[in-house]
Amino acid sequence: MKAVVYRKYGPPDVLKLEEVPRPVPNDGEVLVKVHAASLNAYDWHLLRADPFLVRLMGGGLLKPKSTILGTDIAGRVEAIGGKVKQFQPADEVFGDTSAAGNGGFAEYVSVPERFLAPKPVNLSFEEAAAVPMAAVTALQGLRDKGKIQPGHHVLINGSSGGVGTFAVQIAKWFGAEVTAVCSTGKMDLARSLGADHVIDYTKEDFTRNSRRYDLIFAANGYHPIAAYKRALAPGGVYVVAGGSMAQMNQAMLMGPLMSLVGGKKMGIMVAKPSQKDLMILKELLEAGKVVPVIDRQYPLVEIPEALRYLQEGHARGKVIIAVAG
Ligand SMILES: NC(=O)c1ccc[n+]([C@@H]2O[C@H](COP(=O)([O-])OP(=O)(O)OC[C@H]3O[C@@H](n4cnc5c(N)ncnc54)[C@H](OP(=O)(O)O)[C@@H]3O)[C@@H](O)[C@H]2O)c1
């Protein structure tokens, strides 16, 4: 099969399109013919081993352990391993392969069935591939860490990227009053996703106005953690999913201490692939409550270019890789 392979850490140029053996599904695994994949910042963190922690946390100390990137996939079941209960050949599925070593930048990938769910019937493979990691991150960040409630005033910083476009819609579905923060050219997008208020971060610093939020979900950008705390209402929660390394480090190191005083919770989240959450999202997508926003689409061979684009940090929704027709 064709796959985009990397045998050493580095910039997108280390990725090569190669012929490699097709995986064989083990017990509990499903072989998926990949129709589409989507990019996540996670892919280039693994590609570059940046942060260095990637090497220590199972990525491979000197060179990558798994040589095919690609977390989010949508495709058709080609074959099943022993003991697979939920899927059969020809089923259409989508899922997040990050906990199983990735492998989505290829014509086939073998994935434990617990990381897959039936593809939403109303979505194309490209639209379905946009969903898993970004939407599950938004859902888990708002619901599990953020304890979102109807009527909450919720601010999404970084509202126009992969995670943010889902976060705005999911927060609306929870019944929150949503403020989206993005740049000038993306304000219309945020409004079209249901945001009640939109702040242009190039013109206004939301941490310096008088509004206060019950929940701030930071998907991108940077503000010092003290500024986020200032922008929270009494009892408010700040959840950081992504953004600059400084932002992540501050939340990880100082968040627990800052949560001890002042009655506000400050913390970081790490999303976990979840079949249950994919099923929740499938329902929301089929009901039209959540719609994937697709920025661009690239063929498999142009993954290096696609990753360079994503790493610029200004995608409008998700970047898709069309693998098979
Ligand atoms: N914790 C987890 O488990 C988890 C899971 C998934 C992703 N993440 C992290 O979450 C972050 C976001 O992921 P993503 O897929 O949404 O990335 P993305 O698609 O690359 O995000 C791009 C968006 O970020 C916005 N942005 C850039 N600078 C900004 C700023 N200063 N203020 C507000 N928005 C800004 C851009 O909007 P403009 O063009 O308008 O600037 C663009 O729309 C990444 O750091 C990723 O590593 C974490």
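A charge sits over a ring if NZ of Lys or CZ of Arg is within 6 Å of the ring centre and within 35 degrees of the ring normal. With that in hand, let's work through some exercises. The model is predicted: local features need pLDDT of at least 70, side-chain atom pairs count only at pLDDT 80 or more, and totals for chains, interfaces and linings use all residues. Residues are numbered from 1 along each chain as its sequence is written, and side-chain values use heavy atoms, leaving out hydrogens and water.

**Exercise 1.** Find the ring under the charged end of Arg296, and a second case that involves Arg22.

*Solution.* Start at Arg296: its charged end sits over the ring of Tyr309, 3.7 Å from the centre. Next, take Arg22, which lies over the face of Tyr108 at 4.3 Å from the ring centre.

**Exercise 2.** Classify the ring pair of Phe206 and Tyr228, then place both residues.

*Solution.* Rings of Phe, Tyr and Trp (its six-membered ring) pair if their centres lie within 6.5 Å; planes under 30 degrees apart count as stacked, over 60 as edge-to-face and the rest as tilted. The structure holds four aromatic pairs. For Phe206 and Tyr228, the centres are 6.0 Å apart and the planes at 50°, so this pair is tilted. Now check burial: Phe206 and Tyr228 are both buried (under 20% relative accessible area, 1.4 Å probe, protein chains only). Finally, widen the view: Phe206, Tyr228 and Tyr238 form one aromatic cluster.

To place them, note that Phe206 lies in the loop between β10 and β11 and Tyr228 in helix α7 (residues 225-230), so the pair ties together parts 22 residues apart in sequence. Helices (H or I, at least four residues) and strands (E, at least two) are DSSP runs, numbered from the N terminus.

How values were computed: Buried < 20%, exposed > 50% of the residue type's maximum accessible area, 1.4 Å probe, protein only.
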